[in-house]
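Q: Please take a close look at the lining of the largest cavity. Then set beside it the shell around the ligand.

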Amino acid sequence: MNSSAHRVPHRELAPGYSVAAMINGGWQLSHGHRQQPLDRRESMDGLLALVDAGFTTFDCGDIYLGVEEFLGELLARYGARESAAPPLQIHTKFVPDLDSLAHLKRTDVQRIVDRSLKRLGVERLDLVQFMWWDYSIHRYVEVATWLDDLRRDGKIHLLGVTNFDVPRLREIVDAGVAPVVNQVQYSMLDHRPERGMSAFCQEHGIQLLAYGALAGGFLSPSYLGLPEPGESLANRSLVKYHLIIHEFGGWNEFQKLLVALDRIATRHGVSVSNVAVRWVLDQPRVAAAIIGAGDARHLEENLRTFNLSLDEADLELLAPFSNRGPEGDV
Ligand SMILES: NC(=O)c1ccc[n+]([C@@H]2O[C@H](COP(=O)([O-])OP(=O)(O)OC[C@H]3O[C@@H](n4cnc5c(N)ncnc54)[C@H](OP(=O)(O)O)[C@@H]3O)[C@@H](O)[C@H]2O)c1
């Protein structure tokens with residue numbers, strides 16, 4: 001095994017299946033996110049550098065344009081390179097179109113899963129996270145059982161869900177499907193998983209994979225002391241997380257949080273982002289944080305997350321910011 005893999009701790013999602021505690025998020029590689037086209041060569045080199053440092057797990061989705069194919073290329077490149085390398089884990093999502101939910105058939109689900117297998121160039125998908133756009137179309141339990149059948153057939157190793165709330169996840173579990181993870185938004189700005197989801201997951205042996213830990217980049221030194229940005233945000237993620245900042249209490253409250261994170265970061269000799277991600281990783285049931293990765297620019301910085309431990313004084317500084325942000329369940 002590549003010795004650098006030990007720099008990133010791994011967490012077990014199921015017997016014999018572990019993932020990096022920081023997962024490389026693939027949305028930032030997609031045509032949907034970027035304003036500029038991806039520099040494929042630079043990105044591929046960056047992803048391989050991440051893997052070499054121990055960030056061996058990737059998250060993508062069937063709706064992330066071009067990303068399953070790109071990670072398929074990464075798998076091929078990596079596979080051809082060294083025989084004794086640690087395995088990579090590629091997680092995808094099954095996200096049927098909103099328009100298709102009412103009439104989706106079992107054969108459609110098979111076709112979409114086959115397409116992911118083909119794009120990634122694998123015989124079995126490591127983890128498929130199921131998402132349903134509209135709970136008022138009450139077919140998600142039926143569709144989850146079809147995906148579970150594909151798991152039993154060997155096309156899927158592990159089944160998870162994403163953005164499911166407690167009542168709907170309970171319906172799925174009651175139907176005999178056992179997702180290993182729920183991928184949810186969880187950050188210092190968004191505490192929704194604490195209102196029932198973490199407890200439900202504890203009861204049912206489900207783990208959380210947290211996205212949004214950096215709020216698209218807002219939870220980083222770059223925004224400390226800056227005035228609120230206007231309309232011209234650089235990408236769709238920032239537009240989305242800007243709305244979360246509003247729900248958190250607005251730009252001034254957000255700046256107070258950044259100041260507190262910065263004080264903690266300075267005490268420990270790490271970055272604001274390190275503290276924000278460490279906090280998420282320390283929350284109950286969180287197995288890993290999914291951090292957007294288009295390249296390896298933040299690699300060395302992010303490794304510092306794993307040497308950081310938040311003490312009582314740190315948590316006291318963060319206490320005024322707990323349980324804020326969007327209301328309700330995930
Ligand atoms: N299930 C879902 O519905 C869902 C929704 C959203 C995302 N996701 C998943 O979560 C992943 C992460 O997306 P996100 O929206 O949560 O973004 P994020 O990880 O909160 O933010 C990523 C952005 O933060 C900036 N950044 C600042 N400091 C950084 C650091 N130390 N390390 C890495 N990036 C840093 C980077 O922009 P700069 O490089 O410009 O600094 C990067 O593009 C996605 O790729 C996707 O896989 C899932």
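A: **The cavity and its lining**

Asp62, Thr92, Lys93, Phe94, Ile112, Val113, Ser116, Leu125 and Val128 line the largest cavity, with lining residues having an atom within 4 Å of a point on a 1 Å grid where a 1.4 Å probe fits but cannot get out. Three elements each give two or more residues to this lining: strand S5 (89-94), helix H3 (106-120) and strand S6 (125-130). Helices (at least four residues) and strands (at least two) are DSSP runs. The model is predicted, with local features needing pLDDT of at least 70 and side-chain atom pairs counted only at pLDDT 80 or more, whereas totals for chains, interfaces and linings use all residues. Residues are numbered from 1 along each chain, and side-chain values use heavy atoms, without hydrogens or water.

By class, the cavity lining comprises 5 nonpolar, 2 polar and 2 charged residues. The space in the largest cavity amounts to about 30 Å³, a volume being the space filled by probe spheres. Across the whole structure, the search yields 1 cavity of 30 Å³ or more.

The ligand has a shell of its own. In total, 27 residues surround the ligand (a heavy atom within 4 Å); the closest are Gln28, Asp59, Gly212, Arg297 and Asn302. This shell divides into 8 nonpolar, 14 polar and 5 charged residues.

Polar contacts (N or O pairs within 3.5 Å) can be listed for individual side chains. Threonine 162 places a polar side-chain atom 2.9 Å from a nitrogen atom of the ligand. For tyrosine 241, a polar side-chain atom lies 2.8 Å from an oxygen atom of the ligand. Glutamate 301 has a side-chain N or O atom 3.3 Å from a nitrogen atom of the ligand. Helix H7 (236-248), strand S10 (286-292) and helix H10 (299-303) are the elements that give two or more residues to the shell around the ligand. Strand S10 provides the largest share of that shell, 3 residues.

Terms used. 1 Å grid on protein atoms, 1.4 Å probe; cavity = no way out; pocket = protein on both sides within 12 Å on 5 of 7 lines; lining within 4 Å. Nonpolar A, V, L, I, M, F, W, Y, C, P; charged D, E, K, R; others polar. Polar contact = N/O pair within 3.5 Å; in protein donor to acceptor, adjacent residues only side chain to side chain.
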